[in-house]
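Visitor: Please take me through one part of this structure in detail, the metal site and what surrounds it. Give the cut-offs as you go.

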Amino acid sequence: NADSAMYQAKASGSNNFRFYAKEMNAELGHRLSLENDLWHALENQQLVLHYQPQVCMRNSQIIGMEALIRWQHPKLGMIPPLQFIPLSEDDGLIVPIGIWVMETAAHQNRQLQLAGYPPIRVAVNLSVRQLEQKDLVHCIEKTLQHSGLDPQCLELEITESMLMHNIEESIITLNRISDLGVQLSLDDFGTGYSSLSYLKRLPINRLKIDKSFINDITTTYNDAIIARSIIALAHSLEIQVIAEGVESADQYAFLLENGCDEVQGYLLSRPRPFEEMEALLRDGGRLLPAS
Ligand code: C2E
Ligand code: MG
Ligand code: MG
Ligand code: MG
């Protein structure tokens, strides 16, 4: 009945009404209230980017950083991306959020260069909704113009499963992005559909070996074989390899020995606020597995 029900209209999007009964379960209620709050998070500047360094294995120099979004919720504190990015994908809010992420990451990376640090890449995660936006390439161009960032210093991370939604369209879009000089990496590699046959058709600069393969790389023979094979495959296609989720010195040593190009993981640094990222560069921008 009408008394035990509530209607909730979205701030934009006219046919986008939601209906739910008062006796909804707690989780759904939590989800809906988060989703509602998220509409205000952008305008109220509650979203923030943390940066995780990416380190070249040859010289231990920081050569990139991945931008990872967090939500500083006024009541709930810091909310990690996996708790709100999926919500924002459902209702399309990921599109303006994604633009904000790209603009902010490019701007902050440019700030580092203007401060005199050697140029590094900044990697931004894309969602499938963004990849399907007709004006994605235009948004990237605008970001480069606004920030003045060299396209080579911007990298976009996509996943295999995102591409598989519409592989032919995706290849066209990725080629247009690559033509801008922007770099592309394949995130969480190995966890999605196998796109090995597409790999040579994609203008990909870098594969990120998923953490799930890195975890047991030094203890499980099969995982060691998989990691080695990914590195060999990528190199034979002239694609670089970065290992993500590296947590131990043993994993680091294995990857170094097996020719992995770059590493990212808690062993070297957790994601950190922009100011702390800058502090790392100020200290010389080297991260060693022992330190
Ligand atoms: P991802 O792109 O695969 O990012 C790597 C995740 O692994 C990050 O989690 C990072 O903090 C975590 N990580 C890094 N090194 C280690 C390690 O050594 N050990 C462990 N256990 N974890 C490690 P985070 O920040 O919670 O982000 C989770 C996911 O949320 C990301 O996975 C990405 O898919 C998504 N995400 C984050 N920021 C954005 C964004 O701006 N836009 C979109 N569309 N997605 C985002
Ligand atoms: Mg990523
Ligand atoms: Mg990943
Ligand atoms: Mg992931």
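Guide: Contact here means heavy atoms within 4.5 Å. Residues are numbered from 1 along each chain as its sequence is written, while chains are lettered from A and ligands numbered from 1 in the order in which they are written. This is a predicted model, in which local features need pLDDT of at least 70, side-chain atom pairs count only at pLDDT 80 or more, and totals for chains, interfaces and linings use all residues; side-chain values use heavy atoms, with hydrogens and water left out.

V263 is a convenient way in. Leaving aside neighbours within four places in sequence, V263 is in contact with P53, Q54, V55, M57, I242, A243, V246, Y252, L255 and L268. V263 also belongs to the largest nonpolar core, which has 83 residues. Such a core is a set of buried Ala, Val, Leu, Ile, Met, Phe, Trp, Tyr and Cys residues joined through side-chain atoms within 4.5 Å. Buried means under 20% relative accessible area, exposed over 50%, and partly exposed in between, with a 1.4 Å probe and protein chains only. The members that touch the most other members are Y51, I140, L156, I177, L186, L255 and V263. Helix α3 (residues 94-114) supplies the largest share of this core, 8 residues. Helices (H or I, at least four residues) and strands (E, at least two) are DSSP runs, numbered from the N terminus.

Now the metals. Donors are N, O and S atoms within 2.8 Å of the metal (3.2 Å for Na, K and Ca); water is not among the atoms, so sites may look incomplete. The magnesium ion (ligand 2) is coordinated by E66 (OE), N125 (OD1), E157 (OE) and D187 (OD), at 2.0 to 2.2 Å. Along the sequence these donor residues follow the spacing E-x58-N-x31-E-x29-D. Two of the donors come from distant parts of the chain: E66 is in strand β4 and E157 in strand β7, 91 residues apart. E157 is buried, with a relative accessible area of 1%.

For the magnesium ion (ligand 3), the protein donors are D187 (OD), D188 (OD), E244 (OE) and E244 (OE), lying 2.1 to 2.5 Å from the ion. The spacing of its donor residues is D-D-x55-E. D187 lies in strand β8 (residues 183-189) and E244 in strand β10, a pair that links distant parts of the chain, 57 residues apart. Both D187 and E244 are buried. The two magnesium ions, ligand 2 and ligand 3, are 4.0 Å apart, and D187 coordinates both.

Some of these acids also take part in salt bridges. Side chains of opposite charge can pair when their charged atoms come close. A salt bridge is a side-chain nitrogen of Lys or Arg within 4 Å of a carboxyl oxygen of Asp or Glu. The whole structure holds 9 of them. One joins E66 to K208, with the closest N and O atoms 2.8 Å apart. This pair connects strand β4 (residues 62-73), where E66 sits, to strand β9 (residues 206-209), where K208 sits, across 142 residues. E66 counts as buried at 4% relative accessibility, and K208 is buried at 1%.

K208 also meets E244 in a salt bridge (3.7 Å, N to O). Here the link runs from E244 in strand β10 (residues 240-244) to K208 in strand β9, 36 residues apart. E244 counts as buried at 10% relative accessibility. A network of salt bridges joins E66, E157, K208 and E244.

Strand β9 holds a further pair: R206 and E262 form a salt bridge (3.6 Å, N to O). Since R206 lies in strand β9 and E262 in strand β11 (residues 262-264), the pair ties together parts 56 residues apart in sequence. R206 counts as buried at 4% relative accessibility, and E262 is buried at 2%.

Helix α7 (residues 167-179) packs against two strands that carry metal donors. Its buried residues are I167, S170, I171, T173, L174 and I177, and they pack against α4 (128-131), α5 (136-147), β7 (154-159), α6 (160-164), β8 and α8 (196-199). The expected span of a helix is 1.5 Å times one less than its number of residues. For the 13 residues of α7 this gives 18 Å, which agrees with its end C-alpha atoms being 18 Å apart. Just after α7, G181 has a positive phi of about 95 degrees.
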